[in-house]
Structures are given as structure tokens and as C-alpha cells.
Amino acid sequence: MALQVSHENDTIIITMPPRIDANNAPDSESEIKTLLAGRPAKLVLDFAETDYIASAGLRVLLVVTRNQMKAGGKVALAAIRPQVLKVFDMAGFTSIFTICTTRDEAIQKIS
């Protein structure tokens with residue numbers, strides 16, 4: 001699976017897949033880690049196309065965010081659909097992550 005990656009100024013934007021579950025979470029994590037290669041980055045994970053996230057997907061977000069914070073990077077999540085945001089809320093993740101309504105807001109928040 002290839003994630004959609006774009007850049008805006010010095011921010012890396014990754015469009016997350018429609019489903020993030022046990023089938024594709026390991027590949028997503030590997031792709032993101034390879035893209036970032038342990039260096040600090042301003043990273044926006046765009047969930048505009050994501051309809052479903054399982055615990056395996058939540059784990060990927062925790063690992064990527066923790067690694068970026070340790071490296072001195074910043075991470076924001078953007079455009080999370082209501083059904084996915086509900087999962088984040090139930091897992092207590094809304095207080096852990098920087099969550100923004102739009103991609104542009106997320107870019108501004110971490111700039």
C-alpha cells in the first residue's frame with residue numbers, strides 16, 4: 001500500500017487510507033517511518049478519506065507521534081470524520097493528539 005504524501009512549505013502531509021486496521025496498519029507504519037527516517041518533521045496526518053480505524057491504527061499513530069516528539073518534530077491530525085473521531089474519543093486520544101478541523105488549520109497549528 002502506498003500512502004499519498006505531499007508537501008506544503010516545510011510540512012509533510014500524509015493522506016491516511018480509507019481503512020486503518022490490522023491488515024494495513026503495519027505497512028502504513030513502515031511507510032511513515034521510512035518517509036521520516038527518524039528525523040524531526042512537521043507532519044500532518046490527513047484523515048479526510050478515512051472511514052474506519054481499529055486499535056492497530058491507533059497504535060500506529062501513537063508510535064509515529066512518540067517518535068516524532070522524541071526527535072523534536074511536531075504532529076497534527078486533520079479532517080477526522082465523526083465516526084473516526086468517536087473512536088479517538090472513546091480511546092481517550094482526543095486529549096493526546098493535536099486535532100484540527102482542516103488540513104490548513106493543522107499546518108498552521110504546528111508551524
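Okay, let's start in the middle of the fold, with strand E6, residues 74-78: four of its five residues are buried, so the strand is largely enclosed by the rest of the structure. Buried here means under 20% relative accessible area, exposed means over 50%, and partly exposed is in between, with a 1.4 Å probe and protein chains only. Strands and helices are DSSP runs numbered from the N terminus, with at least two residues of type E for a strand and at least four of type H or I for a helix.

Quick housekeeping before I go on. This is a predicted model, so local features need pLDDT of at least 70 and side-chain atom pairs count only at pLDDT 80 or more, while totals for chains, interfaces and linings use all residues. Residues are numbered from 1 along each chain as its sequence is written, and side-chain values use heavy atoms, with hydrogens and water left out.

Right, the whole chain. The secondary structure comes to four helices and seven strands, and along the sequence the pattern reads β-β-β-α-β-β-α-β-α-β-α. For 111 residues, a compact globule would have a radius of gyration near 13 Å, and the chain has 13 Å, so the two agree. That radius is taken over C-alpha atoms, and the globule rule is 2.2 Å times the number of residues to the power 0.38. The C-alpha trace spans about 30 × 25 × 25 Å along its principal axes. Of the 111 residues, 43% count as buried. The chain exposes about 5800 Å², and carbon and sulfur atoms supply 52% of that; the areas come from the Shrake-Rupley method with a 1.4 Å probe, and for residues only the protein chains shown count as cover.

On contacts, meaning heavy atoms within 4.5 Å: if you take those with a separation of 6 or more, residues 24 or more positions apart account for 73% of them.

Now, the sheet. In what order do the five strands of the open sheet come? The order is E1-E2-E4-E6-E7, with mixed pairing. The edges are E1 (4-8) and E7 (99-100), each pairing on one side only. Two strands count as paired if DSSP finds at least two bridges between them.

Let's walk across. E1 and E2 run antiparallel and are joined by five bridges; one pair there is Gln 4 with Thr 15 in E2. Next, E2 (residues 11-15) and E4 (residues 42-46) pair in the parallel sense, also over five bridges, with Ile 12 partnered by Leu 43 in E4. E4 and E6 are parallel as well, over five bridges, and Val 44 stands opposite Ala 76 in E6. Last step: E6 and E7 run parallel, joined by two bridges, and Leu 77 stands opposite Ile 99 in E7.

On top of that, helix H1 (residues 25-36) lies across E1, E2 and E4, running at about 165° to E2. For angles, the axes are lines fitted to C-alpha atoms, for helices over the stretch in contact, and the values run from 0 to 180 degrees between N-to-C directions.

Two threonines next. Is Thr 15, in strand E2, buried or exposed? Thr 15 is buried, because its relative accessibility is 11%. Its side chain makes a polar contact of 3.3 Å with the side chain of Arg 103. By polar contact I mean a pair of N or O atoms within 3.5 Å; within protein, one must be able to donate a hydrogen and the other to accept it, and residues adjacent in sequence count only if both atoms are side-chain atoms. Leaving aside neighbours within four places in sequence, the contacts of Thr 15 are Leu 3, Gln 4, Asp 46, Glu 49 and Arg 103.

The other one, Thr 65, sits in helix H2 (residues 55-71). Thr 65 is buried too, at 12% relative accessible area. Not counting residues up to four places away in sequence, Thr 65 touches Val 75 and Phe 97.

Finally, backbone oddities. Most residues other than glycine have a negative phi. Asn 9 has a positive one, near 55°, in the hairpin of E1 and E2, which has two residues between the strands. Asn 9 is exposed, at 75% relative accessible area. Ala 79 also has a positive phi near 55°, and that residue lies in the loop between E6 and helix H3 (82-90).
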